[in-house]
Amino acid sequence: MADKKIIAVVGATGAQGGSVVEAILADPNGGFAARAITRDPAKDKAKALAAKGAEVVQADLDDVESLKKAFAGAYGVYGVTNFWEHFSGEKEKAQAKNIADAAKAAGVKHVVWSTLEDTRKLMAADDKRMPMLQEKYRVPHFDAKAEANAYFAGVPTTFLVTSFYWDNLYMFGLAPKKGADGQYEWTFPMGTSKLAGMAAEDIGKVAYGIIKAGTGYVGQTVGIVGENLTMTEMGEKISKTMGVGPVRYNAVDADAYRGFGFPGADEMGNMFQVYRDFENEVTAARSADVARQLNPQLQNFDQFLAKNKSKIEPAMNPA
Ligand SMILES: NC(=O)c1ccc[n+]([C@@H]2O[C@H](COP(=O)([O-])OP(=O)(O)OC[C@H]3O[C@@H](n4cnc5c(N)ncnc54)[C@H](OP(=O)(O)O)[C@@H]3O)[C@@H](O)[C@H]2O)c1
């Protein structure tokens with residue numbers, strides 16, 4: 001451990017950070033050690049990481065001093081913020097600033113910052129196709145992360161632009177479910193556009209690839225995807241791999257989706273509308289080839305489904 005370069009991983013108990021820790025632990029001779037950051041080292045996921053060989057350290061994204069301590073002595077940092085815990089673009093930016101400030105104070109050599117694009121640049125300020133949210137954002141969890149990129153000025157950073165996780169099928173309740181007529185169905189405001197998606201675990205593997213490749217990636221923006229697919233194409237693959245009948249795709253209007261009323265419906269409505277209306281821009285900003293160079297195990301949707309069948313099946317058939 002002593003001669004290994006430490007990577008301090010924010011969000012280590014979550015999907016993204018957890019995948020970074022797993023990627024590091026899966027390569028014991030790679031020269032890197034994982035320092036898993038959590039607010040609560042006593043939680044089961046943190047204990048499981050410790051049992052697998054990660055160093056578990058307590059810190060809070062709202063407390064920059066705790067981050068400075070957690071990053072001390074580290075070679076690298078994986079930085080991610082969790083918008084969905086508080087739904088606030090401003091808070092997400094403040095937390096990202098704390099990551100950047102702490103990384104600078106600790107003098108780390110390489111930060112991989114998990115960011116997304118500024119969707120406001122895709123349309124004019126007076127464009128009425130979707131509402132502004134939180135007064136100044138189109139898609140707060142995209143736009144705030146993009147704004148936060150500026151905090152990393154002077155910090156050796158790679159800007160990792162991620163894609164929609166296919167894991168949302170089971171993690172976020174987005175899997176097709178049986179409708180009143182018994183047929184599986186799902187509803188999105190995606191029209192016939194392709195959704196840029198990937199397995200969450202591949203984000204960690206790509207991030208580790210960037211860290212291993214070294215500081216040549218500093219200052220670069222790396223956009224990654226597993227595969228771009230329409231909802232109909234995804235439904236066909238789900239139907240085939242899960243062994244169920246055809247999945248009916250209800251292509252609703254984005255306004256209707258925003259009005260569904262669940263927490264974050266407006267945010268997700270805007271996000272899917274960006275994927276729909278700006279399919280070319282969103283897909284051009286992400287590359288499966290680049291992701292595969294950094295992570296030769298990159299999965300396509302069929303491979304993801306086959307690997308995660310046992311998690312998706314209960315999500316399609318909730319009790
Ligand atoms: N879902 C998608 O399709 C998708 C795609 C691209 C990007 N994203 C972005 O991914 C982010 C969420 O990451 P995730 O999916 O990995 O989330 P997740 O699985 O829900 O895990 C959240 C992680 O964040 C940590 N965390 C949250 N607040 C913290 C705080 N105040 N201090 C320290 N750690 C904190 C949690 O650690 P502890 O609870 O252990 O402290 C946990 O490890 C979101 O901002 C989202 O916009 C999501």
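**Pockets, a cavity and a ligand**

The largest cavity in this predicted model is lined by Phe164, Leu169, Leu174, Trp186, Phe188, Met231 and Met234.

Student: Let's stay with that cavity for a moment. Which strand and which helix each supply at least two residues of its lining?

Tutor: Trp186 and Phe188 are in the lining, and strand S9 covers 184-188. Met231 and Met234 line the cavity too, and the helix that spans 231-242 is H8. That gives strand S9 and helix H8.

Student: How do the residues of that lining divide by class?

Tutor: Look at the names: Phe164, Leu169 and Trp186 are among them. Polar and charged residues are both absent from the lining. The count is 7 nonpolar.

Student: How much space lies in the largest cavity?

Tutor: The structure holds 1 cavity of 30 Å³ or more. The space in the largest cavity comes to about 30 Å³.

Student: Okay, on to the ligand. Where does the ligand sit?

Tutor: Start with the residues around it: Thr81 and Tyr165 are among those that come nearest. Thr81 and Tyr165 also turn up among the lining residues closest to the centre of one pocket, together with Val80, Asn82 and Phe83. The ligand's place is the largest pocket.

Student: Which residue puts a polar side-chain atom 2.6 Å from an oxygen atom of the ligand?

Tutor: Don't pick Thr81, where a backbone N or O atom lies 2.6 Å from a ligand oxygen. Asp60 does use a polar side-chain atom, but that one lies 3.0 Å from a nitrogen atom of the ligand. The residue you want is Thr13.

Student: What share of the ligand's exposed area does the protein bury?

Tutor: Take the ligand alone and it exposes 920 Å². Of that, the protein buries 87%.

Student: Which class has 12 residues in the shell around the ligand?

Tutor: The shell is made of 26 residues, and H1, H4, H5 and S7 each supply at least two of them. Nonpolar residues number 8 and charged ones 6. The class with 12 residues is polar.

Student: And how do the residues lining the largest pocket divide?

Tutor: This lining has 42 residues, with H1, S2, S5 and H10 among the elements that each supply at least two. The pocket itself holds about 1000 Å³ of space. By class, the lining has 19 nonpolar, 16 polar and 7 charged residues.

Student: What about the second largest pocket: which helix gives the most to its lining?

Tutor: This pocket has a volume of about 790 Å³ and 32 lining residues. H1, H2, H6, H7 and H13 each supply at least two of them. Glu201, one of the residues nearest the centre, falls within the range 200-213 of one of these helices. With 6 residues, the top contributor is H7.

Student: How many charged residues are in the lining of the second largest pocket?

Tutor: Glu22 and Glu201 are two of the residues nearest the centre, along with Ala15, Gly18 and Ser19. Across the lining, 14 residues are nonpolar and 8 polar. The charged ones number 10.

Note on methods
Residues are numbered from 1 along each chain as its sequence is written. This is a predicted model: local features need pLDDT of at least 70, side-chain atom pairs count only at pLDDT 80 or more; totals for chains, interfaces and linings use all residues. Side-chain values use heavy atoms; hydrogens and water are left out. A residue is near a molecule or strand if one of its heavy atoms lies within 4 Å of it. A polar contact is a pair of N or O atoms within 3.5 Å; within protein, one must be able to donate a hydrogen and the other to accept it, and residues adjacent in sequence count only if both atoms are side-chain atoms. Accessible areas come from the Shrake-Rupley method with a 1.4 Å probe; for residues, only the protein chains shown count as cover. On a 1 Å grid over the protein atoms alone, a cavity is a set of points where a 1.4 Å probe fits but cannot get out, and a pocket is an open set with protein on both sides within 12 Å along at least five of seven lines; lining residues have an atom within 4 Å of a point. A molecule sits in a cavity or pocket if more than half of its atoms lie within 2 Å of its grid points. Helices (H or I, at least four residues) and strands (E, at least two) are DSSP runs, numbered from the N terminus. Ala, Val, Leu, Ile, Met, Phe, Trp, Tyr, Cys and Pro count as nonpolar, Asp, Glu, Lys and Arg as charged, and the others, Gly among them, as polar. Grid points are joined across faces, edges and corners, and a volume is the space filled by probe spheres set on the points.
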